[in-house]
Amino acid sequence: MKSALKSVIILGSGALKIGEAGEFDYSGSQALKALKEEGIRSILVNPNIATIQTSEGRADRVYFVPVTREFVRRIIEKERPDGIFLSFGGQSALNCGMDLYRHGDLEKNKVTILGTPMEAILATEDRKIFQKHLASLHLLSAKGGIVKTVHEGMICAKALGYPVMMRTGFALGGAGSAILRSEGELKIRLEETLSVSSQVILEECLYGWKEIEYEIVRDFKGTSMTVCNMENVDPVGIHTGESIVVAPSQTLSNDEYFRLREYSLRVIESLKIVGECNIQYALHPKSGDVRIIEVNARLSRSSALASKATGYPLAYVAAKLSLGKTLLELKNTVTQKTSAFFEPSLDYIVVKIPRWDLDKYEKVLGEIGSEMKSVGEVMAIGRSFEEAIQKAARMLNDGYEGVIDPRFTLSKKRALAQLKTADTMRLFTIAKSLMARVSVDEIAAKTEIDRFFIHAINRIVGVAKKLKQKKTLEVDLIRNAKRFGFSDSQIARFTSKKEHAVRKFRLDHAITPYVKRIDTVANEFLGKTNYFYCTYNASVSDHVASNNKKKIAVIGCGPYAVGTSVEFDWCAVNTVEQAKKRGYETIMINSNPETVSTDYDTSDYLYFEELTFERIADIYDIEQCPFIVSVGGQIPNNLSFSMENHDIPIVGTASKNIFRAESRKDFSKLLDECDIAQPAWSEAKTVSQALRIAQSIGYSVLVRPSFVLSGKGMIVLSSESEFLAYLDTIKDSLGSQKLVVSKFIEGAIECDVDAVACHGKIVRYALSEHVEPAGIHSGDSTLVYPSYSLSEEIKTKILSATKKILSKLEVQGPCNIQFLVHDDISYVIECNLRASRSVPFVSKVLHDNYITAATDIFLGMPVSFHEHKISHVGIKIPQFSFLKLKGADPVLRVEMRSTGEAASFGQTLREAYLSAILSTGITYPEKKSVFVSIGGFDAKIRSLKQCRALVSLGFTLYATSGTSLFLATHGIPSEKVEKIFEGGKQTFANLVLNKMLDFAIVIPEKSHAVDKKQYAMGISDGYTMRRMAVDAKIPIFTSLSTSNMFIDALHIAPDVLPIRAWDEYSIVNTVS
Amino acid sequence: MKGYLHLSNGEIREGTIFGAVEIPEKEVELVFSTCMTGYVESMTDPSFAGQILSMTYPLIGNYGVPKEEKDDCGLYQNRESSRIWVSGLIVSSYIDTYSHQDAVMSLSDWMKHENVNGISGIDTRDIAGLIREQRVTHGYISKNKEKQRLPRKSVHWVSKTSSDSVVEYSSLKPKSLKIVLIDCGVKHGILRALHSKGYTVVVVPWDFDPFNISDVDGVVCSNGPSDPKECGKTIDHIRGVIARQVPFFGICLGHQLLSLAIGADTYKMPYGHRGINQPCIDLRTGRGYLTSQNHGYAVDARTLPKQYDQWFVNANDGTNEGIRHTSKPIASVQFHPEGSPGPFESSTLFDFFHTV
């Protein structure tokens, strides 16, 4: 059947945030591929500029605008599509779709919802309708009800019995859900939640039940099947995004597996789902009772995982089914000859572990529960649970060598105490407990994790003990350890050897991994695709490497975390695509299931593997080809040193030069040689030395402990007393490590240069300017291209400095340099000889793919200089997930805390900014009231312009006493309010609870300085206010530069903001 | 204990013995299954009689073995027959630390008890590949590394797996239809499915004439092991059923026997269908069903007489999966509508006798 559709609009999920990450780039990209194959014009709305789906050649038209009803409606009126895809952009797209539907926008414009009908979506999104629907199918969901007041809630909970589960409707990542064990706990939580939500759901608590998920597809004729089931290792009560998950299920009998499967088909048939759907079950571990937790009538994080776990292209198939294809018409794209209508048979086990980054946020507890806090995930494939989980632990690239490490031990007593709370370290605590001889049954009882999994971890511990005992390398022992997933470094630790000695022993005794293919059919048919993993639980490899001289491997980005996000996947995918175009056979290595790079058809060969030296060396031994390490962010970059030491060829900038750029001393020397300014700095070995350095270069200073990587633990200190207080907090962990103390230049403008060089000569160059001053991490800053406030003279200086550095470091490929500008001097603060976070942004703003150029350079092809001139403005803006991170202070500092980014274009700065900021979930002010609290005299002075602007825009200002008084003396009217709770008077808290505010500007006394000790002890009023605003979903600005930009943009009303597609912003001219 | 899998192509694979340590007496056929669950059901499926089963899913034994349970009429609830029928089991990882509320013993203990040996630590993905490429179809498991010359005995497995007497499972429902089931090695899943549809089921031996039973409303011919052409007597009886215009339904081997009875032909497939994800298309409606299958022989659809239509075909390889008389109540399917192990959405087919 050829589709009668001519054009389809597809909604993306916008910026990455906790609960909606890269998985929707994967699903959207596959949907676009399906549309293209069917010859249907595609219009994509997604302000996430770093995604693959928004790249050239994927969609026919791309709009970098907010995925909200108003914007999408206007695009529909302009583009006149016949159909709309709502299920490929997560909950954000679905919510926008429901909004359009409810307002009649789709009907009015004759846009058909493709795939699952809206009735089904509404049924799955409304708990009451959903429960009724399930009852009609003789299926059960958790018992409970909706309550609208605290009183109702208390009565309802009494009937259900404690503990109870509380949920709010329409949620991403389980926001607002919690288990409450007593009346007291419930009362507090109800008051808090009912202040932001009109109703909550109270349910019987299924904590401790097994949590099982099924991914299901159905075509319009009613043929349906389950593609994959997954079992959460953590029981119900731990959000599935926070759980370790295995596929397929491990502890379900045949009867249970197929009973749940039958329920899934019953539900999907009754709802008339067309496309993909996810169902979550709770299964009682003793009685076998089943409750349906939820149905997601859209692609989800789990479906992305299922797709990678099985090799079944779920999103692509779902898109085809939504276009009216049937399962029986489609072919299995893996075997290329069998039907797409089959349930994949796995002959391996998949383990997913969430990646948290909670260290980046003070006051956020490591406990995990029914709300999602993780920012990414890894997926490991093995042929035993032990092998897979140890691989997964290493894939986190967070310092783990496996689930067990002799460096970290626990006493039995401590272990028993730690097991009580479920936290991000739980897997490792279990292993340590077993090492300390806590019994499997005891751990199972404390954690409610099935004994099956704990027994498996215990077997790992058993092997570890044997290694520790023997201390020698013996063939059988080492072979066995490898089958249990031990890495060379882990074996080395337990046997007190060096990693390279273990590797040598292995190679001498031919103990090497086997390469197995993921073929969806367990080898029943011959697979054609090259989707691989490595295992020691085998005796034959499925893959023989080609002798092709034109072959290249790309190391991907690893798990998403704060600072590593979809932009690096974009870079890796573009590299592979360009290398393919140049006739190369391409190999991709990555461990992150939320990516497009791990689609098996992105590269010629995909190794879904660990990004560790050991595995990269294994793959090199097999493939014998050079590697690209500079397009996947910091993880591959860091691998380059050990690769170079082992003579593994790397194309691009030489690793000795990568090292020169990363080594503070060497780089500083290089800058001096080139006569390029840098902030004064020095390294201190002792506390007194550190203080002396600070005194000599003058406060404020930026301090970073050298044992902390990636900016963790960096702090700006503005006085000796602050420094002393800080030293007090870190002295225990400091040990013999050095402290780097550098001059912090107050109020400097920060700039980012993205460049590409060929043999040290510049061929691409883009200078972007930050809206926020230095002191706020570049990943948390608003980035503007082209720069808007720098003088021509400074621009020339920056370009010339860039050229010198590129030449000195003989850069071959991408490079990012950060500059500070202050008093007409430009200082270099950092240089990374790899693709940066902002490469997709500048590439798309300039319609010039920097990675394509870099790849040609990697492959030894000549690339010459050119520069595009544009007349439009591009703005990249950070997306924060503070709402999910209970307790986190939303103040921005030198450490990065945003989880994603969005970008928009405009003819003016205002246009671009308004569109960008509305893309991050902030709504345009309608209430015309703002809260202002400005700390510090300088800041107060600086805020006057904005406050005047707000008044002239018709806003009512509410201000704290100090701020209000200051404004009054400058003739700006404001209403004085108290901060938190003060009897009878109007307070900030009241304004928040009564939803009276559009947004709040809360500037801390010292926006950059944080005394961690003071932080840990006390809670300031400012913090309480900021947190209150976040919890009540009120936009909050903690930097005057940002609020200034926002207020300025409010001069445009959103309904007159021009909406243009990406291709409507074109290049003016090109200079070669 | 170390153990060895001796393959008929001469290769020897080293692993670890679990279950019984049986001294091998013959070299038998190796088959593989791609089921990820259901080892208890598969191992007790009489269709696997005399075969060594290799599981492609690498973790086997996870949920142990449930207590043997029969319902009120004496049908097995959580297995397919009274005993293990496979003559050996090959797995990648054997899991001894099982965990399940219904389990009463480990898989290894059960196999010890039933005197069946198993071997773990084998690359079963590779075994599947070898069987698929037909570089090996026979072998044996031994604790000895030295190769032995073992005979490939031919056994009439249908007579060994069939019931040796007539057994009636009465329906509690009034006015229930009486169905005679010719037992060529029936899985109890089929009996459970028929009984749950409200039929009274009379199980008769494979070579028993169903019309020795009075008032027969319909006849089912069951699944069973090995070559359909070795069941001449059953084929004759099926011809009798057709002649007397009594509704007939065949499953798996029963499907092949019906085909032979009406003059069509069967052939040995290269490596059979054994798994729970075989896609079948109902040619009348165009709808697909995923089915559970275990067969090494297939019906050659080109040889079907013209009164018979192909009912189901396999969506992967186009092989025949079911036939149906154009006007009379005679039909059969190659797959197992009851699942166990596997999907059971096609179990509505057991309503056959109610609808004809």
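**Exercise 1. Locate A:Pro163 in this predicted model and state the geometry of the peptide bond that joins A:Tyr162 and A:Pro163.**

Solution.
1. A:Pro163 sits in the loop of chain A that runs between α7 (150–160) and β7 (164–167).
2. The bond joining A:Tyr162 and A:Pro163 is cis, with an omega of about -5 degrees.

**Exercise 2. Where does A:Ser700 lie, and what is the omega of the bond between A:Tyr699 and A:Ser700?**

Solution.
1. In chain A, α25 (687–697) and β25 (701–705) are linked by a loop, and A:Ser700 is found there.
2. The peptide bond between A:Tyr699 and A:Ser700 is cis, and its omega is about 5 degrees.

**Exercise 3. For A:Ser496, give the phi value, the loop and the class, buried or exposed.**

Solution.
1. A:Ser496 is not a glycine, yet its phi is positive, about 55 degrees.
2. The loop that holds A:Ser496 connects α18 (488–495) with α19 (499–508) of chain A.
3. A residue counts as exposed if 12 or fewer other C-beta atoms lie within 10 Å of its own.
4. A:Ser496 has 11 other C-beta atoms within 10 Å, so it is exposed.

**Exercise 4. Do the corresponding analysis for A:Asn523: phi, loop and burial class.**

Solution.
1. The phi of A:Asn523 is positive at about 70 degrees, although the residue is not a glycine.
2. A:Asn523 belongs to the loop between β17 (514–517) and β18 (531–535) of chain A.
3. The cut-off for a buried residue is 20 or more other C-beta atoms within 10 Å.
4. A:Asn523 is buried because 25 other C-beta atoms lie within 10 Å.

**Exercise 5. Describe the surroundings of strand β34 (residues 873–879) of chain A: how many of its residues are buried, and which strands do bridges join to β34(A)?**

Solution.
1. Seven of the seven residues of β34(A) are buried, and the strand is mostly covered.
2. In a regular strand, side chains alternate between the two faces of the sheet.
3. One side of β34(A) carries A:Val873, A:Ile875, A:Ile877 and A:Gln879, and the other carries A:Gly874, A:Lys876 and A:Pro878. These residues are all buried, and both faces are covered.
4. Strand β30 (residues 783–785) of chain A runs antiparallel to β34(A), joined by three bridges. Here A:Tyr785 faces A:Gly874 of β34(A) as its opposite residue.
5. Strand β35 (residues 900–906) of chain A is also antiparallel to β34(A), with seven bridges joining the two. In this pairing A:Ile877 is opposite A:Ala902 of β35(A).

**Exercise 6. How many residues of chain A and of chain B are in contact, and what makes up the side of chain A that touches chain B?**

Solution.
1. The contact involves 45 residues of chain A and 42 residues of chain B.
2. On the side of chain A that touches chain B, α9 (254–271) and α16 (451–470) of chain A each supply at least two residues.
3. The most comes from α9(A), which gives six residues.
4. By type, this side of chain A has 19 nonpolar, 15 polar and 11 charged residues.
5. For the model, ipTM is 0.96 and pTM is 0.95.

**Exercise 7. Chain B has 356 residues; which radius of gyration would a compact globule of this length have, and what does chain B have?**

Solution.
1. The globule rule is 2.2 Å times the number of residues to the power 0.38.
2. For 356 residues the rule gives a value near 21 Å; chain B has 20 Å, so the two agree.
3. Along the principal axes, the C-alpha atoms of chain B fill a box of roughly 60 × 45 × 35 Å.
4. Of the 356 residues in chain B, 57% are buried.
5. Among contacts in chain B with a separation of 6 or more, 74% are between residues 24 or more positions apart.
6. The secondary structure of chain B consists of eight helices and 21 strands.
7. The average pLDDT of chain B is 95, and 100% of its residues score at least 70.

**Exercise 8. Which domains are assigned in chain B, and how many residues does each give to their contact?**

Solution.
1. The assignment gives domain 1 (2–142) and domain 2 (157–355) of chain B.
2. Their C-alpha centres are 26 Å apart.
3. Domain 1 of chain B gives 24 residues to the contact, and domain 2 of chain B gives 26 residues.
4. On the side of domain 1 that touches domain 2, the elements giving two or more residues are β3 (28–33), α1 (39–43) and α3 (124–132) of chain B.
5. The largest share of that side, three residues, is from β3(B).
6. That side of domain 1 of chain B has 11 nonpolar, nine polar and four charged residues.

Key: Residues numbered from 1 in each chain as written. Chains lettered and ligands numbered in written order. Predicted model: local features only at pLDDT ≥ 70, side-chain atom pairs only at ≥ 80, totals over all residues. Helix = DSSP H or I, 4+ residues; strand = E, 2+ residues; numbered from the N terminus. Contact = placed C-beta atoms within 7 Å. pLDDT = per-residue confidence, 0-100. Domains from an automatic or database assignment. Nonpolar A, V, L, I, M, F, W, Y, C, P; charged D, E, K, R; others polar. Pairing = 2+ DSSP bridges.
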